[in-house]
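Thank you all for making time this morning. I would like to walk you through one structure, going slowly enough that nobody has to have seen it before, so please have a look at it with me.

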Amino acid sequence: QVQLVESGGGLVQPGGSLSLSCEASGSIFSLVGMGWYRQAPGKERELVARVNNGGGSDYAYSVKGRFTISRLNAGNTVYLQMNTLKPEDTAVYYCNAHGYYCSASDCTRPGPHDEWWGQGTLVTVSE
């Protein structure tokens, strides 16, 4: 019913930049918030950045000043601009969103609340 499609991962040298994007689609009445998480090899998934409909955002301490999350007019697409990348940024990056399904009758009314995840996109910072 709902899917998040991510793009933009790849290989980049230390100090370089990369931009990720994620678009939510499907039976969505509205989204409350969107964000990015990452999981490095052998480690637990952690929050990178998130933004809500009011425009408030949060960042992991390790990426503050280097990464920027954006979501234009509380829409269904979220971006992550990553600058001054470090080898420790290497991870699979996952898009996350939570909000409301469409009503079972139509998509003019909200249905149940839920949370959704993208498939992940690999970012490798090396050399």
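**Disulfides first**

Let me begin with a disulfide that joins cysteine 102 to cysteine 107, with the two sulfur atoms 1.7 Å apart. Please keep in mind throughout that this is a predicted model, and that this distance, like the other values I mention, is computed from it. The torsion about the S-S bond of cysteine 102 and cysteine 107 is about -50°, so this disulfide is left-handed. The two partners also sit in unlike surroundings, in that cysteine 102 counts as buried at 14% relative accessibility, whereas cysteine 107 is partly exposed, with a relative accessible area of 39%.

How many disulfides does the structure hold? There are two, and the other one joins cysteine 22 to cysteine 95, with an S to S distance of 2.1 Å. Its torsion, that is, the one about the S-S bond of cysteine 22 and cysteine 95, is about -85°, so this disulfide is left-handed as well. Cysteine 22 lies in strand 3, residues 18-26, and cysteine 95 lies in strand 9, so the pair ties together parts that are 73 residues apart in sequence. Here both cysteine 22 and cysteine 95 are buried. If you number the bonded cysteines of the protein chain in sequence order, the pairing reads 1-2, 3-4.

**An open sheet and its edge**

Let me turn now to the strands, and to strand 3 in a new setting. Four strands form an open sheet in the order 1-3-8-7, and their pairing is antiparallel. Which strands are at the edges? They are strand 1, residues 2-7, and strand 7, residues 67-70, each of which pairs on one side only. Neighbouring strands of this sheet are turned by 15° against each other on average, if we ignore direction.

I would like to stay with strand 7 for a moment. Four bridges join strand 7 to strand 8, residues 77-82, and the two run antiparallel; to pick out one position, isoleucine 69 has leucine 80 in strand 8 as its bridge partner. The hairpin of strand 7 and strand 8 has six residues between the strands, and in this hairpin asparagine 73 takes a positive phi near 50°.

In a regular strand the side chains alternate between the two faces of the sheet. With that in mind, look at the two faces of strand 7, where Phe67 and Ile69 make up the covered face, while Thr68 and Ser70 make up the uncovered one.

**Salt bridges**

The charged residues come next, and the structure holds five salt bridges. I will take you through some of them, starting with arginine 66, which forms a salt bridge with aspartate 89, the closest N and O atoms being 2.8 Å apart. Arginine 66 lies in the loop between strand 6, residues 57-59, and strand 7, and aspartate 89 lies in the loop between strand 8 and strand 9, residues 91-102, so this pair ties together parts that are 23 residues apart in sequence. Are these two partners buried or exposed? Arginine 66 counts as buried at 10% relative accessibility, and aspartate 89 counts as buried too, at 1%. Salt bridges that share partners join Arg38, Glu46, Arg66 and Asp89 into one network.

Within that network, glutamate 46 forms a salt bridge with arginine 38, and the closest N and O atoms are 2.9 Å apart. Glutamate 46 is partly exposed, with a relative accessible area of 36%, but arginine 38 counts as buried at 6% relative accessibility.

Another salt bridge links aspartate 58 to arginine 50, with the closest N and O atoms 3.3 Å apart. In this pair aspartate 58 is partly exposed, at a relative accessible area of 40%, and arginine 50 is partly exposed too, at 42%.

**One threonine to finish**

My last stop is threonine 121, which is found in strand 11, residues 121-125. Threonine 121 is buried, with a relative accessible area of 11%. What does it touch, once we leave aside its neighbours within four places in sequence? Threonine 121 is in contact with Glu6, Gly8, Gly9, Leu20, Ala91, Val92 and Tyr93. For glycine 9 we can be more specific, since a polar atom of the threonine 121 side chain lies 3.2 Å from the backbone nitrogen of glycine 9.

Notes
Residues are numbered from 1 along each chain as its sequence is written. This is a predicted model: local features need pLDDT of at least 70, side-chain atom pairs count only at pLDDT 80 or more; totals for chains, interfaces and linings use all residues. Side-chain values use heavy atoms; hydrogens and water are left out. Two strands pair if DSSP finds at least two bridges between them. Axes are lines fitted to C-alpha atoms, for helices over the stretch in contact, and angles run from 0 to 180 degrees between N-to-C directions. A salt bridge is a side-chain nitrogen of Lys or Arg within 4 Å of a carboxyl oxygen of Asp or Glu. Buried means under 20% relative accessible area, exposed over 50%, partly exposed in between (1.4 Å probe, protein chains only). A polar contact is a pair of N or O atoms within 3.5 Å; within protein, one must be able to donate a hydrogen and the other to accept it, and residues adjacent in sequence count only if both atoms are side-chain atoms. Contact means heavy atoms within 4.5 Å. A disulfide is a pair of cysteine sulfur atoms within 2.5 Å.
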